[in-house]
Amino acid sequence: GASGEESIQVHRICEGLYTIRLSKHIHYEGNFIYLIIGNNQAILFDTFPIHITDISLIKIIRSLITHTSKQIHLPLIIAHTHSHDDHIGGDIAFHNIKNVTIVGYGIECVAKFFGLPNPSLRSYPYNLDEIVSFELGGRELEIFFIPGHFPDHIAIYDKMSGVLLTGDFLYPGRLYVQHRMDFVHSAKLLNEFIRDRHISAVLGSHIEMTSTANVDYPTGTRFQPDEPPLALQREDIEVLHEAVQKAHTDCSDTWHSIPCGRFIVQPL
């Protein structure tokens, strides 16, 4: 983060959809979190790596909700693209707040809340029948599991805007693969999902690349003056799917780093 920039930066993507970034001068992860507002309830995906004691995240969120919906007490759900520490660290700011529901961590909690099938009980290949609809009131989301980076990882599609949220599974950075077979099948599922849907942008949780293809900033970098845009496109999902499918077919035992231009697939 540049010296003097706001610690929390709010950007309006479209009506009722905001991304909120934590400055990298506060924490090197520089997470992007997402607020989606419907007529009956709002939902926030992720809450930053840390609780920032001198800034009220709940006040910022409530202000955006009130401005958009004209409702002061609209119910708010706190959910997560996945439960890695840098995505849940700020949850404490929402504890014991009226009209706020925090979705639990782990496959079972996420599956139960959204009505998703438990991915740990299914067999390959994944299919589009496992996508569920989640209604905010005049605004429908489609949600499905995309494990591979982390078991409880989900993708979120906002039908109103055409925005697809992909968390740490796909973003301009290092895509860490925890479980190879899950990652391959989730990439395939994402590729199938976008075929008959309008995709205005694919938005993830971080920026770690430079604007030069296949060149990333080192882990822990706090100032990235040559960042590319956050938004990826449907073509990037196709590139990801083809790259990991080829790697899986060509190399049955070990994967190495796979540079893909706007992101790098990085096996753990």
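Contact means that heavy atoms lie within 4.5 Å of each other. The structure treated in these exercises is a predicted model.

**Exercise 1. Gly104 and its surroundings**

Task: Determine where Gly104 is found and which residues it is in contact with, leaving aside neighbours within four places in sequence.

Solution.
Step 1. Gly104 belongs to the loop between strand 6 and helix 3 (107-114).
Step 2. Once the neighbours within four places in sequence are set aside, Cys109 and Val110 are in contact with Gly104.
Step 3. Partly exposed residues fall between 20% and 50% relative accessible area. Gly104 is therefore partly exposed, since its relative accessible area is 28%.
Step 4. Ala79 and Gly104 are 25 residues apart in sequence, and their C-alpha atoms are 7.9 Å apart in space.

**Exercise 2. The second largest cavity**

Task: State how many cavities of 30 Å³ or more the structure has, and describe the lining of the second largest cavity.

Solution.
Step 1. Searching the whole structure gives three cavities of 30 Å³ or more.
Step 2. The second largest cavity holds about 50 Å³ of space.
Step 3. Its lining includes Gly104 and Ala79, together with His80, His82, Ser83, Val103, Tyr105, Val110, Phe114 and Asp152.
Step 4. Sorted by class, this lining of the second largest cavity comprises five nonpolar, four polar and one charged residues.

**Exercise 3. The largest pocket**

Task: Give the volume of the largest pocket and identify the lining residues closest to its centre.

Solution.
Step 1. The largest pocket contains about 260 Å³ of space.
Step 2. It is lined by 19 residues, of which Glu29, Tyr171, Tyr176, His206 and Glu208 are the closest to its centre.
Step 3. By class, the lining of the largest pocket divides into six nonpolar, seven polar and six charged residues.

**Exercise 4. The nonpolar cores**

Task: Describe the largest nonpolar core and name the elements that give two or more residues to it.

Solution.
Step 1. As a general background, nonpolar side chains in soluble globular proteins tend to be buried together.
Step 2. The largest nonpolar core here has 31 residues, and those with the most contacts inside it are Leu164, Leu170, Leu240 and Val265.
Step 3. Two or more residues of this core come from each of strand 9 (154-158), strand 11 (174-177), helix 4 (180-193) and helix 5 (234-250).
Step 4. Helix 4 provides the largest share of this core, six residues.
Step 5. Another core, of 28 residues, lies apart from the largest one; among its members are Phe45, Phe114, Leu116 and Ile143.
Step 6. Returning to Leu170, and not counting residues up to four places away in sequence, this residue touches Leu175, Val202, Gly204, Leu232, Asp236, Ile237, Leu240 and Phe263.

**Exercise 5. Helix 4 and helix 5**

Task: Explain why the span of helix 4 agrees with expectation, and establish what its buried residues and those of helix 5 pack against.

Solution.
Step 1. Helix 4 has 14 residues, which should span 20 Å at 1.5 Å a residue; its end C-alpha atoms are 20 Å apart, so the two values agree.
Step 2. Eleven of the 14 residues of helix 4 are buried, and the helix is thus mostly covered. Among the buried residues are Phe183, Val184, Leu189, Leu190 and Phe193.
Step 3. The cover over the buried residues of helix 4 includes strand 8 (140-145), strand 9, strand 10 (163-167), strand 11 and helix 5.
Step 4. Helix 5 consists of 17 residues and reaches 25 Å from first C-alpha to last, close to the 24 Å expected at 1.5 Å a residue.
Step 5. In helix 5, the buried residues are Arg234, Asp236, Ile237, Leu240, His241, Ala243, Val244 and Ala247.
Step 6. These buried residues of helix 5 pack against strand 10, strand 11, helix 4, strand 12 (201-204), strand 13 (258-259) and strand 14 (264-267).

**Exercise 6. Three loop residues**

Task: Decide whether Asn96, Asn214 and His51 count as exposed or partly exposed, and locate each in its loop.

Solution.
Step 1. Asn96 lies in the loop between helix 2 (85-88) and strand 6 (100-102). Exposed means over 50% relative accessible area, and Asn96, at 82%, therefore counts as exposed. Its phi is positive, about 60°, although Asn96 is not a glycine.
Step 2. Asn214 sits in the loop between strand 12 and helix 5. Because its relative accessibility is 36%, Asn214 counts as partly exposed. The phi of Asn214 is also positive, near 70°.
Step 3. His51 occurs in the loop between strand 4 (42-45) and helix 1 (57-69). With a relative accessible area of 37%, His51 is partly exposed.
Step 4. His51 and Ile92 are 41 residues apart in sequence, yet 6.7 Å apart in space from C-alpha to C-alpha. Not counting residues up to four places away in sequence, His51 touches Gly89, Gly90, Ile92 and Ala93.

Technical notes:
Residues are numbered from 1 along each chain as its sequence is written. This is a predicted model: local features need pLDDT of at least 70, side-chain atom pairs count only at pLDDT 80 or more; totals for chains, interfaces and linings use all residues. Side-chain values use heavy atoms; hydrogens and water are left out. A nonpolar core is a set of buried Ala, Val, Leu, Ile, Met, Phe, Trp, Tyr and Cys residues joined through side-chain atoms within 4.5 Å. Buried means under 20% relative accessible area, exposed over 50%, partly exposed in between (1.4 Å probe, protein chains only). On a 1 Å grid over the protein atoms alone, a cavity is a set of points where a 1.4 Å probe fits but cannot get out, and a pocket is an open set with protein on both sides within 12 Å along at least five of seven lines; lining residues have an atom within 4 Å of a point. Grid points are joined across faces, edges and corners, and a volume is the space filled by probe spheres set on the points. Ala, Val, Leu, Ile, Met, Phe, Trp, Tyr, Cys and Pro count as nonpolar, Asp, Glu, Lys and Arg as charged, and the others, Gly among them, as polar. The expected span of a helix is 1.5 Å times one less than its number of residues.
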